[in-house]
Amino acid sequence: MTAPPRTSLKESGEPVITTTGPEAPPDMPSTDNPGQPAALIPGIDRASPGRFINRELSWLAFNRRVLEEAQNLRHPLLERVRFLSISASNLDEFYMVRVAGLKGMVNAGVVTLSDDGLTPAQQLSRVDQVAEELTADQQKTWRQLRSALASAGIVVVDAESLGEEDRAWLEDEFSRQIFPILTPLAIDPAHPFPFIPNLGFVMAMRLLRRADARPVTALLPIPSQLKRFVRMPDRGGKARFFPLENLIALFLDRLFPGHTVLASGSFQILRDSDIEIEEEAEDLVRLYESLLKRRRRGQVIRLKCSASMPPDLRRFIADHVNMGGREPFVVDGLLGLDQTRELILEDRPDLLFKPFTSRFPERIRDHGGDCFAAIKAKDIIVHHPFESFDVVVQFLRQAAAD
């Protein structure tokens with residue numbers, strides 16, 4: 001039988017743990033052979049920053065666990081898509097708030113170390129590195145889910161696979177629902193670069209005017225009220241969706257008559273959305289209104305560009321949105337993965353979690369819905385989400401009417 005671990009103290013007073021074999025002298029040097037003492041496990045100095053985990057990197061590790069739920073084959077397929085969408089949305093919000101704070105400290109020249117011993121610039125560098133790996137895994141997960149969705153009867157259609165009937169339907173949909181609300185913009189000295197709101201999704205193009213062979217740079221902001229995935233008529237019992245940017249790309253000649261498209265791509269920007277509330281403010285409503293307007297126009301924190309966009313066009317956009325020297329982030333895959341939630345169909349319950357109905361506390365029912373009477377008889381602990389939050393609302397209403 002192996003002897004139990006022994007705990008001892010180093011001269012510095014820090015604990016170390018050793019493990020000894022059945023016949024090994026307790027002070028014998030450690031080896032890899034069975035029956036010999038294991039290596040000493042050094043304690044961490046109480047003053048060492050190694051005792052702490054960086055807050056931002058810890059959050060990214062949490063969001064990776066969210067993504068891992070999208071990779072969990074035991075979950076229903078559409079719930080995995082939901083987890084992917086949540087992971088992408090979380091990452092955008094993280095950049096808009098937490099990374100915006102780090103960038104603000106870097107711009108202000110702050111070099112104060114965090115508890116784990118990193119400057120704001122070092123934290124920003126590590127966050128970008130980890131986030132890049134996370135984004136690559138999100139795109140890999142999306143490709144796997146897209147294939148699985150197709151097998152389950154939910155197809156995201158490629159432009160190459162469109163038939164004549166599909167193109168005719170898409171042309172009609174474009175003419176009636178999409179074309180009337182699009183506003184193409186040419187960028188030149190007479191037409192400066194427009195303001196792009198937070199989370200704004202825009203198509204960018206290099207055009208050639210056929211009349212005089214003059215190059216033109218143009219932008220096409222995508223209105224937020226349009227769905228990212230256009231649902232096409234079902235075929236063969238399969239639900240079919242077509243990405244909005246691909247649909248618009250089919251009919252760019254309608255938007256830019258007399259021009260030839262040389263190159264195109266999509267981009268999305270994330271702006272500083274961190275809000276600091278002054279608790280002593282005289283008018284909180286007015287303060288929130290002001291902060292929300294400022295949030296929409298905050299400094300650009302991240303520029304995400306599709307891989308199809310040429311480098312010179314990426315640099316052109318980065319220069320005009322004032323990236324502060326930070327490079328655009330190139331997405332090799334679907335831009336705006338958070339919008340994959342539009343593919344979650346409520347008419348496919350076989351691909352969703354079974355609905356859960358929370359219970360209402362029986363003892364309050366026994367007292368005719370009188371929360372005070374039920375509490376007077378005995379304290380109540382309400383467990384959410386297993387018990388309905390309606391009981392809390394009912395309690396507050398009853399208290400307000402008392």
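Over residues 1-31 the pLDDT stays under 50, although the model has 54 contacts beyond four places in sequence for this stretch. The structure is a predicted model, and the protein chain as a whole averages a pLDDT of 86, with 85% of the residues scoring at least 70. Among the elements of the chain, strand β1 (residues 6-9) has the lowest mean pLDDT, at 43, while strand β3 (residues 154-156) has the highest, at 97.

**The sheet**

Six strands make up an open sheet of mixed pairing, in which the order runs β4-β6-β5-β9-β10-β11. At its edges lie β4 (185-187) and β11 (329-331), each of which pairs on one side only. From one strand to the next, the twist averages 30°. Helix α8 (residues 311-320) packs on this sheet and touches β4, β5 (201-209), β6, β9 (259-271), β10 (300-306) and β11, and its direction makes about 120° with that of β5.

Several of the strand pairings can be followed residue by residue. The edge strand β4 pairs with β6 (residues 214-221) in the antiparallel sense over three bridges, and here I187 stands opposite T217 in β6. Strands β5 and β9 are likewise antiparallel, and nine bridges join them; L208 has T260 in β9 as its bridge partner. Between β9 and β10, which also run antiparallel, there are five bridges, and I269 stands opposite L303 in β10. In a regular strand the side chains alternate between the two faces of the sheet.

**Salt bridges**

Side chains of opposite charge can pair when their charged atoms come close. A search of the whole structure finds 18 salt bridges, and three of them are set out here.

| Acidic residue | Basic residue | N to O distance |
|---|---|---|
| D212 | R209 | 3.0 Å |
| E245 | R228 | 2.7 Å |
| E387 | R359 | 2.3 Å |

In the pair of E245 and R228, E245 belongs to helix α5 (residues 244-250) and R228 to the loop between β6 and β7 (229-235), so the salt bridge ties together parts that are 17 residues apart in sequence. Both E245 and R228 are buried.

The pair of E387 and R359 joins two loops: E387 lies between α10 (371-377) and α11 (390-401), and R359 lies between β11 and α9 (362-366), so this contact ties together parts that are 28 residues apart in sequence. Its two members differ in accessibility, for E387 counts as buried at 10% relative accessibility, whereas R359, at 38%, counts as partly exposed. In a separate grouping, salt bridges that share partners join E165, D166, R235 and R240 into one network.

For the pair of D212 and R209, the relative accessibility is 44% at D212, which therefore counts as partly exposed, and 26% at R209, which also counts as partly exposed.

**The surroundings of W142**

W142 has its place in helix α3 (residues 120-151). Its relative accessible area is 4%, and because the cut-off for a buried residue is under 20%, W142 counts as buried. Leaving aside residues up to four places away in sequence, W142 touches L84, L149, V156, L334, L337, T340 and L343. One of these, L337, is 195 residues away along the chain, yet the C-alpha atoms of W142 and L337 are separated by 8.1 Å.

**Backbone geometry in the loops**

Most residues other than glycine have a negative phi, and most peptide bonds are trans. Against that background, three places in the model deserve a look. The peptide bond from H384 to P385 is cis, with omega near 5°, and P385 is found in the loop between α10 and α11, the loop that also holds E387.

Phi of L199 is near 65°, a positive value in a residue other than glycine. L199 sits in the loop between β4 and β5 and is partly exposed, with a relative accessible area of 38%. A213 likewise has a positive phi, near 60°, and its place is in the loop between β5 and β6. With a relative accessible area of 52%, A213 is exposed.

How values were computed
Residues are numbered from 1 along each chain as its sequence is written. This is a predicted model: local features need pLDDT of at least 70, side-chain atom pairs count only at pLDDT 80 or more; totals for chains, interfaces and linings use all residues. Side-chain values use heavy atoms; hydrogens and water are left out. Two strands pair if DSSP finds at least two bridges between them. Helices (H or I, at least four residues) and strands (E, at least two) are DSSP runs, numbered from the N terminus. Axes are lines fitted to C-alpha atoms, for helices over the stretch in contact, and angles run from 0 to 180 degrees between N-to-C directions. Contact means heavy atoms within 4.5 Å. A salt bridge is a side-chain nitrogen of Lys or Arg within 4 Å of a carboxyl oxygen of Asp or Glu. Buried means under 20% relative accessible area, exposed over 50%, partly exposed in between (1.4 Å probe, protein chains only). pLDDT is the predictor's confidence in each residue, from 0 to 100.
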